[in-house]
Amino acid sequence: MAKDGLPKQAEDFPAWYQEVVKRSGMAENGLAKGTMVMKPHGYAVWEHIQRALDDRFKATGHENLLFPTLIPKSLIDKEQEHLDGFSPELTIVTIGGGEVLEEPLVMRPTSETVIWPTYGKWMQSYRDLPFLYNQWCNVFRWEKRTRIFLRTSEFIWQEGHTAHATADEAKEEVARMLEVYREVAEDVLAIPVLTGKKTPAETFPGAVYSLAIEGLMRDGKALQSGTSHFLGQNFSRAYDCQFLNQDGEQEYAWGTSWGFSTRMVGGTIMAHGDDRGLRLPPAVAPVQVVVVPIYKNDEERSGVLEVAEKIKTTLAGNLIRVKVDDRDQYRPGFKFSEWELKGVPLRIEVGPKDVAADQVVIAHRVSGEKQTRSTADAIGQVAGLLADAQKAIYQDALAYREANTHEIESYESFAEGVEAESGYWVGPWCGDEVCEAKVSSETKATIRVVPLEPTDPGGACIVCGKPGTQRATWAKAY
RNA sequence: CGGGAUGUAGCGCAGCUUGGUUAGCGCGCGGCGUUUGGGACGCCGAGGUCGCCGGUUCGAAUCCGGCCAUCCCGACCA
């Protein structure tokens with residue numbers, strides 16, 4: 001074993017991540033700096049995430065549409081906070097058709113600035129609202145330091161943009177979509193997440209407030225992966241989107257926006273992977289079951305492959321994503337390692353002895369266990385075993401999070417602890433940005449979330465000692 | 001944008017100090033054969049503008065100058 005092993009997570013997590021992403025065939029660097037090529041194995045995971053989200057968007061009454069990638073620069077300039085927030089990250093097209101453009105075009109970093117002026121043309125009265133639209137697209141953010149899946153200059157996501165007649169309705173939407181994100185993260189990607197509100201310092205530029213889900217990676221760092229923003233009337237005012245309300249008055253519409261990106265593919269890798277490679281939750285695994293035939297000669301080969309194909313046909317008929325690895329140039333041991341690297345949840349081994357005894361060996365990626373079952377039992381049990389694996393991998397991640405969540409005893413112990421142990425550190429905070437900034441400059445940890453609903457802060461601010469107003473969760477983050 | 005490092009075959013590297021004629025090794029790749037229950041082995045073979053431009057020299061992967069790119073650390077970052 002480990003003839004060609006990965007770097008160990010415990011020794012060098014970033015090296016492990018880079019290697020596992022490349023060797024498992026998830027993605028590689030693009031030819032332009034800071035970009036990435038999502039390869040079939042990685043894109044398939046994204047497609048499953050996409051499906052899970054899109055089904056839930058439709059179920060909550062949303063429709064998809066698509067705005068152009070290019071946004072006139074003047075539109076971006078209209079919302080000052082938004083402009084300030086994004087300015088350094090903008091990619092701007094200044095030449096088109098060989099001529100310098102009269103007005104530069106911005107490659108969208110997100111689409112509020114082009115969607116809101118358009119929404120303004122579409123809304124006349126409260127009867128037209130709400131607009132519940134979403135788009136699947138790529139966005140561009142020039143990054144000085146990129147990391148595959150986690151931060152690249154171009155990435156794919158969905159951005160929902162809704163317009164409502166009342167603030168309360170918009171706030172409900174923001175909460176509803178955060179819940180969709182939580183559900184997809186936990187039930188589909190098997191990543192337990194904290195849900196909460198961002199501090200003003202971490203709020204989306206132009207939003208009134210931002211909600212987010214945060215997952216904990218296996219190196220103890222947090223990853224923000226889905227965000228849902230209450231825009232208030234900020235964008236409708238900037239782009240003059242008014243409607244006639246029930247009282248016959250012109251009113252600015254209330255907005256939300258929410259996004260979930262391919263970054264979460266990286267999150268799935270880092271939340272579940274181990275030293276042998278990926279461990280993919282069955283719900284998003286491109287291949288859920290791989291059948292590896294074992295044989296010594298042509299005669300054994302044909303007998304074993306016959307059984308393998310039969311297993312495949314039956315499972316595929318039950319909508320299980322199954323593959324028979326009948327490549328002749330690799331031996332079984334090599335295939336075992338390769339599919340483990342790729343994170344396939346279940347492996348069925350079929351050799352001559354098994355064929356003779358009408359049995360197979362089932363190997364579990366999550367637990368690492370192997371068991372022998374009659375062929376018929378094995379086929380019948382696969383769906384259940386996949387469901388068990390989905391639960392087990394979530395439980396693993398949950399146990400990890402619980403073991404790495406610390407109650408803050410004192411500022412000193414927190415400052416030392418967060419360096420050494422990372423993980424989540426929870427404690428009272430006064431709500432002052434000065435205290436927040438002091439922590440981030442002295443420890444590299446930032447406030448990931450504060451609770452959605454007011455809770456007992458549980459004591460005095462860990463930084464300044466004034467009365468706490470809320471319980472904050474700090475962590476080092478990606 | 002600062003500090004450091006690296007660019008030689010698809011990947012990982014040696015060679016450079018002390019210039020010299022066919023530029024090497026491992027993995028991978030192609031063919032043939034033996035193998036196949038945890039990363040097989042033998043033989044044969046294909047594959048290189050030595051990052052780019054210029055300079056020194058009879059002669060440059062090697063020395064000198066400039067440029068470009070990538071990686072790490074920092075700053076920056078929803």
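**Exercise 1. Work out how β4, β5 and β6 fit together in this predicted model.**

Start with strand β4, residues 70-72, and strand β6, residues 99-107: they pair in the antiparallel sense, over three bridges. To pin that pairing down, look at P72, whose bridge partner in β6 is L105.

Next, bring in strand β5, residues 91-96. It's also antiparallel to β6, and five bridges join the two. Here a handy marker is I92, which has V106 of β6 as its bridge partner.

Finally, check the turn. β5 and β6 make a hairpin with two residues between the strands, and G97 takes a positive phi near 60 degrees there.

**Exercise 2. Find the strand order of the open four-stranded sheet, and say which strands are at its edges.**

Step one is the order: β20-β21-β23-β22, with mixed pairing. A quick reminder: strands of a sheet pair through backbone hydrogen bonds, either parallel or antiparallel.

Step two is the edges. β20 (405-407) and β22 (446-449) each pair on one side only, which makes them the edge strands. On average, neighbouring strands of this sheet are turned by 45 degrees against each other, ignoring direction.

Step three is a closer look at one pair. β20 runs parallel to β21 (residues 424-429), with three bridges between them. One spot to look for is T405, which is bridged to Y424 of β21.

**Exercise 3. Describe the protein surface near RNA strand B, then pick out some polar contacts.**

First, who's there? There are 37 residues around RNA strand B, and F86, R141, R145, R347 and D354 come nearest.

Second, sort the residues of this surface by type: 19 are charged, 13 nonpolar and five polar.

Third, ask which elements supply them. α10 (332-341), β17 (346-350) and α11 (352-357) each bring at least two residues. The top contributor is α10, with seven.

Fourth, flip to the RNA side. Take the atoms of RNA strand B within 4 Å of the protein: 42% of them belong to sugar or phosphate, and the rest to bases.

Last, zoom in on individual contacts:

- R347 has a polar side-chain atom 2.5 Å from a base oxygen of RNA strand B.
- Q224 uses an N or O atom of its side chain, 3.4 Å from a sugar or linking oxygen of RNA strand B.
- G333 takes part through a polar backbone atom, 3.5 Å from a sugar or linking oxygen of RNA strand B.

So much for the contacts. Notice that R347 turns up twice: among the residues that come nearest to RNA strand B, and in the contact with a base oxygen.

Conventions:
Residues numbered from 1 in each chain as written. Chains lettered and ligands numbered in written order. Predicted model: local features only at pLDDT ≥ 70, side-chain atom pairs only at ≥ 80, totals over all residues. Heavy atoms only, no water. Pairing = 2+ DSSP bridges. Axes fitted to C-alpha atoms, helices over the stretch in contact; angles between N-to-C directions. Near = heavy atom within 4 Å. Polar contact = N/O pair within 3.5 Å; in protein donor to acceptor, adjacent residues only side chain to side chain. Nonpolar A, V, L, I, M, F, W, Y, C, P; charged D, E, K, R; others polar.
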